[in-house]
Amino acid sequence: MTVAATTLLIAKAHWRMFRHRARQSLNENRLLTLTVSSFLGIYSIAAYVLVRKGLDFVQTLPLLGPLLTERLVYLLFFFFLVMLVLSNATITGMSLFRRRDTEWQVSLPIAPRSLVLWKTIEGMFMASWGLLVLSAPILLALGRLFQAGPVFYLVGAAGLICLVTLAANISTWVLLILVRWARPWWWKPAAALIAGMIVVALWRFWSSDPEQATAGDMVANLNEVLKHTEVCMHPMLPSVWVTEGLFAAGRGLGERALFYNLLLLAYALASFIVTALAATLLFPDAWRRVMTHSTVESKTASEKLWYRAQVAQQHREPLWCRLFGLDRPAAALMRKDTLTFL
């Protein structure tokens, strides 16, 4: 079987399982389904009203309204992209390396690229529905602001689907690279680097001097205030392509909107090719490394079981337990929750 046929076969099997679970949930948990649906509906209405009022307020600001609105939309889709990459990496990582069915699927005569492609698509569906719920009221509010027609919403929906696809594939690349080559000692330098970047960003943000504002030049002053958000407008970011397509559709520039949507579509389709190549080159070694680490970890954990510990060690309380006055059950519960979260 080809890679596409194998991936489609896995997708059909999971689709049947999903339909069975959905039918069972609708029949047995009607109250839960009604409650969740009601909350989603209330959120959609409330989000639309709040975003619409906020955009109307910003748009009415003299001279600054359109500029602020444009920058807010750039920021919005940039953080959507970051959120998608992180959530897809988490979900795909658990599905690809932490679920028991993956061990069974790896033992089958299935090409690694088919398995990784399906896990990427599965993670994309599981992580993207939240974005669609978040972005639908915002897209409606933007369409009302631009007084746009159906073309605006079609362009926005197509752009969001391509953005979700790109984010899912990027997260799979990052995940495979980390699992294949990451070492335990990497995390401390990485944490120090991230902390340094946050400190530099905060210092730059608070180092702006309002006294340097030029009287009468409102656009220059606004650009000076918003210069820290220029990273969200880099032309190589997929979120920028989505934003540009939306603005072009809202202003009636159909050819420009079509260009950005085709650009997103081309990169979204090409990203699957890169994912298949990365799966062939990286997944077997990454999987062997995870399995080897799991064996060592389970052996180490079995040696640290409570009934294997010495009696003197069982009654020795850590310093932080004595500091906060915690008894042994409370300390054990807090330690378990912390380790589970990590």
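## Exercises on a predicted model

T6 has a relative accessible area of 10%, so T6 counts as buried. The model is a predicted one.

**Exercise 1.** Describe the surroundings of T6: which element holds T6, which backbone atom lies 2.8 Å from a polar atom of its side chain, and with which residues is T6 in contact beyond its neighbours within four places in sequence?

*Solution.* Start with the element: T6 sits in helix α1, which covers residues 3–28. Next, take the side chain. A polar atom of the T6 side chain is 2.8 Å from the backbone oxygen of T2. Finally, set aside the neighbours within four places in sequence; T6 is then in contact with M1, I110 and S114.

**Exercise 2.** Classify the aromatic pair F78 and F79, and decide for each ring residue whether F78 and F79 are buried or exposed.

*Solution.* The whole structure contains 12 aromatic pairs. One of them joins F78 and F79, with 5.5 Å centre to centre and 75° between the planes. Planes over 60 degrees apart count as edge-to-face, and the F78 and F79 pair is edge-to-face. For accessibility, the cut-offs are under 20% for buried and over 50% for exposed. F78 has 17% relative accessibility and therefore counts as buried. F79 has 52% relative accessibility, so F79 counts as exposed.

**Exercise 3.** Repeat the analysis for the rings of F259 and Y260.

*Solution.* The ring centres of F259 and Y260 are 5.2 Å apart and the planes stand at 70°, so this pair is edge-to-face. The relative accessible area of F259 is 48%, so F259 is partly exposed. For Y260 the value is 12%, so Y260 is buried.

**Exercise 4.** Which residues do ring pairs link into a cluster with Y74?

*Solution.* Ring pairs connect Y74 with F146, F152, Y153 and F247 in a cluster.

**Exercise 5.** Place A257 in its element, decide whether A257 is buried or exposed, and find what A257 contacts beyond its neighbours within four places in sequence.

*Solution.* First, A257 belongs to helix α10, residues 254–303. Second, its relative accessibility is 2%, so A257 counts as buried. Third, with neighbours within four places in sequence left aside, A257 is in contact with V155, G245, A248 and A249. For G245 a backbone distance can be added: the C-alpha atoms of A257 and G245 are separated by 4.3 Å, while the two residues are 12 residues apart along the chain.

Methods:
Residues numbered from 1 in each chain as written. Predicted model: local features only at pLDDT ≥ 70, side-chain atom pairs only at ≥ 80, totals over all residues. Heavy atoms only, no water. Helix = DSSP H or I, 4+ residues; strand = E, 2+ residues; numbered from the N terminus. Buried < 20%, exposed > 50% of the residue type's maximum accessible area, 1.4 Å probe, protein only. Polar contact = N/O pair within 3.5 Å; in protein donor to acceptor, adjacent residues only side chain to side chain. Contact = heavy atoms within 4.5 Å. Phe/Tyr/Trp six-rings, centres within 6.5 Å; stacked < 30°, edge-to-face > 60°.
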